[in-house]
Amino acid sequence: MPAALKISPFVGGGGLDPSVSKVYTGWYAVLSGGSFPLHDVSWQYPPGAALPILAPGLVPGLDYGHAFIVLAALCDAAVFALLLWAARRRGRSLAAPWLWTVGLAVLSTMPWNRFDLHVTALAILALVAATARRAWADRVFGAVTAVAAVVKVWPALLLAGTSRGRRTRTAWTAAAVTGAAVTAGFALATPNAFSFLAAQESRGIQIESVGSLPFHVARHFGWSGTWAAKDGSHEFVGPWVHGVSIAMQISTVPAFGWLLWWRRRSDRTAARVLPDAALTATLLFVVTSRVISPQYLVWLIGLAAVCLLRGDTTQRPVALLILAACLFTTLDFPLLYRGLRDDASWLSIANLYVRNLLLLAAAWLSARRLWRGTVPARRPV
């Protein structure tokens, strides 16, 4: 049984987390009325995100918030069962289900109060399906990946490690067709399906991201900026923030340029490469993003768990770094968050530095080990 099942998903006095009781409940009211939340700046997701938001309304006998928690609990248990089945089918160790169990437990109640758990479950399902030695495996992998990406964009990175030739063509074609069909269905059925694109343009430096680190220290040395509730998160506003925001966006270019160069040079025939590359690509996305929300760690734990299904994975030490980052993430949010946001306490700043440095180290180590494990050494002429 997942360790998260042993932890109450509620906050003080049995009340629901505000993400569910206020944000998701508000979105549900708008979406169930037949429209996307056009004027809500916190809605910054592709149209498929409506699926996990609307799903609790189908649960009989429960109000929306408690139905959301029940579905999240079932999703957690389903992922655990899938990882356990996959590990036993191959006669492997139980490292994968244990990492999922411990990682979500360390993240406390947060995973059950975010729909990122549902998206991660789809990503894990896609990667496990890709290992089946059947003709349909690549098509199912591509289709499930596309559905996950239409819910929240990052699962598209799972396609980074597909092997050359037919398997890439099959998986990418299935992903393109499925993604286009699902997106078109939402666009035709519901107005404002693409309103999230405009909301993303105005994002700044969220106070937990890598780009925020210098501003936390600068607040103690006379920097005139501050934080503001903006675009659905807490972001820094003030001198140099816009420049750092642009720099973070630019840093994504060499990161994905490296991924393209790796695909050109690498041997991706081994089955371990697909999940290993997915974890590397997602880590690069996370550390170069202007936002690092606590729920991003759910993605990383899920992908790392799939990597551990194979004994020859290159990502074993990376998984340990991610697990350590989960601990400091929980200390950051919610325990030290007010001190980080309002008081700029040195303890909360130090904790955030450790968490983000762990993620940076994990991204660097993940890319390094992926390269060494897949790119043939050049032979001297």
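The paragraphs below walk through a small set of features in a predicted model, beginning with a sheet and ending with individual loop and helix residues.

The sheet is an open one of three strands, arranged in the order S1-S3-S2 and paired in antiparallel fashion. Strand S1 (205-206) and strand S2 (226-230) stand at its edges, and because each has a single partner strand, one side of each is left without a neighbour in the sheet. In general, the strands of a sheet pair through backbone hydrogen bonds, in either a parallel or an antiparallel manner.

Taking the two pairings in turn, S1 is joined by two bridges to strand S3, which covers residues 233-237, and these strands run antiparallel; within this pairing, Gln206 stands opposite Glu235 of S3. On the other side, five bridges link S2 with S3, again in an antiparallel arrangement, and here Thr226 has Val237 in S3 as its bridge partner. S2 and S3 form a hairpin with two residues between the strands, and in this hairpin Asp231 takes a positive phi near 55 degrees.

From the sheet we can turn to Thr314, which lies in the loop between helix H12 (296-307) and helix H13 (316-335). Is this loop residue buried or exposed? Thr314 has a relative accessible area of 8%, which is under the 20% limit, and it is therefore counted as buried. Its side chain makes a polar contact of 2.9 Å with the side chain of Asp276, while a further polar contact, at 2.8 Å, joins the side chains of Thr314 and Gln315. Once neighbours within four places in sequence are left aside, the residues in contact with Thr314 are Arg272, Asp276, Arg369, Leu370 and Gly373, so that Asp276 appears both in this list and as a polar partner of the Thr314 side chain.

Another loop residue, Gly57, is placed between helix H2 (50-54) and H3. With a relative accessible area of 40%, Gly57 is partly exposed, because this value falls between the 20% and 50% limits. Gly57 and Thr120 are separated by 63 residues in sequence, and their C-alpha atoms lie 21 Å apart in space.

Helix H3 itself, residues 64-89, contains Val70, which is partly exposed at a relative accessible area of 35%. Together with Leu62 and Leu74, Val70 makes a nonpolar surface patch of about 250 Å²; the value of 35% for Val70 is consistent with its place there, because patch residues need over 30% relative accessible area.

Technical notes. Residues numbered from 1 in each chain as written. Predicted model: local features only at pLDDT ≥ 70, side-chain atom pairs only at ≥ 80, totals over all residues. Heavy atoms only, no water. Pairing = 2+ DSSP bridges. Helix = DSSP H or I, 4+ residues; strand = E, 2+ residues; numbered from the N terminus. Patch = residues over 30% accessible without salt bridge, like charges linked within 9 Å, V, L, I, M, F, W, Y side chains within 5 Å. Areas by Shrake-Rupley, 256 points an atom, 1.4 Å probe, with all protein chains shown as cover. Salt bridge = Lys/Arg side-chain N within 4 Å of Asp/Glu carboxyl O. Buried < 20%, exposed > 50% of the residue type's maximum accessible area, 1.4 Å probe, protein only. Polar contact = N/O pair within 3.5 Å; in protein donor to acceptor, adjacent residues only side chain to side chain. Contact = heavy atoms within 4.5 Å.
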